[in-house]
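Colleague: I am new to this one. Please pick a single part and take me through it closely, then show how it connects to what lies around it.

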Amino acid sequence: MTRKRSRYIDLRKMRKGFALKPLAVGIAGIMATGCADDRQDAQIYTSLEDCKTDYPDAAERCDAAYQTALDEASRTSPRFNSEFDCEYEFGPNQCREVNNSAGSFFMPFMAGYMVSQLLSPRPYYSQPIYTSYSPYSPFRSKWVTADGYVFDGDIRKRNYKVSPSVYKPKPTVTRTVSRGGFGSSVRAKSSWGSSSRSGSWGS
């Protein structure tokens, strides 16, 4: 059972919140255009109500996308042995204790969820999004996925164009990470663009 905090995520509570040569520029522009062809519009919501306001005719899909994000958060969120380690990464009062068949550990609250293709006849995408209020975190006031992908801009930015790869299934988390472990993974991805580094907390 949860300690003093609710076992349910309250998104409202989570609101608290070098120069290139001309030829190189031309090549980079062409490559960027090619890579952007399959990008999709995506939105980050911090409440279910905001999704329904944007998509009044797709309320059921908003509900389903929200529930999918919650389920994914339980499955893929980084886990910490102690509340102190979790709050070191995500900030004070941003973590909850979980007790289940896998044991007892701490996970960050879901700060929002990203959805794409909500009105498309094709399957829509949804995933949990986190942010940090910790002064020690490399993703402070930024949106980050469960596997450490950090989006540009700060948490005031809610609309993005993203590659479908952003929504690829994340590994189920089976072990805990120590203080600084999640932040180290974020720094590694930022520096080398790697989607998986040794020392991951996933399976």
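Modeller: Start at C51. This is a predicted model, and in it C51 has a relative accessibility of 0%. The cut-off for buried is under 20%, so C51 counts as buried.

Now look at what C51 touches. Set aside its neighbours within four places in sequence, and C51 is in contact with Y45, C62, Y113 and L118.

Take C62 from that list. C51 and C62 are joined by a disulfide, with an S to S distance of 2.1 Å. A disulfide is a covalent bond between the sulfur atoms of two cysteines. The angle about the S-S bond of C51 and C62 is -80 degrees, and the link is left-handed. The pair ties together distant parts of the chain. C51 sits in helix α2, and C62 sits in helix α3. Eleven residues separate them. C62 also has 0% relative accessibility, so C62 counts as buried too.

Next, step out to the core. C51 belongs to the largest nonpolar core, which has 27 residues. Which members touch the most others? They are C51, Y55, F90, M110, Y113 and F182. Y113 should be familiar: it is one of the contacts of C51.

Which elements build this core? Those giving two or more residues are α2 (48-54), α3 (59-76), α4 (83-90), β4 (112-116) and α5 (181-192). The largest share comes from α3, with six residues. Helix α3 is also where C62 lies, the disulfide partner of C51. Apart from this core lies another one. That other core has twelve residues, including A111, I129, W143 and I155.

Back to the sulfurs. The structure holds two disulfides. The other link is formed by C86 and C95, with their sulfur atoms 2.1 Å apart. Is it left-handed or right-handed? The torsion about its S-S bond is about -90 degrees, so the disulfide of C86 and C95 is left-handed. Are its two cysteines buried or exposed? C86 has 0% relative accessibility and so counts as buried. C95 is buried as well, with a relative accessible area of 0%.

Last, the order of pairing. Number the bonded cysteines along the chain, and the pattern reads 1-2, 3-4.

Here is the picture to keep. C51 is buried at 0%, bonded to C62, and among the residues that touch the most other members of the largest nonpolar core.

Conventions:
Residues numbered from 1 in each chain as written. Predicted model: local features only at pLDDT ≥ 70, side-chain atom pairs only at ≥ 80, totals over all residues. Heavy atoms only, no water. Core = buried A, V, L, I, M, F, W, Y, C linked by side-chain atoms within 4.5 Å. Buried < 20%, exposed > 50% of the residue type's maximum accessible area, 1.4 Å probe, protein only. Helix = DSSP H or I, 4+ residues; strand = E, 2+ residues; numbered from the N terminus. Contact = heavy atoms within 4.5 Å. Disulfide = S-S within 2.5 Å.
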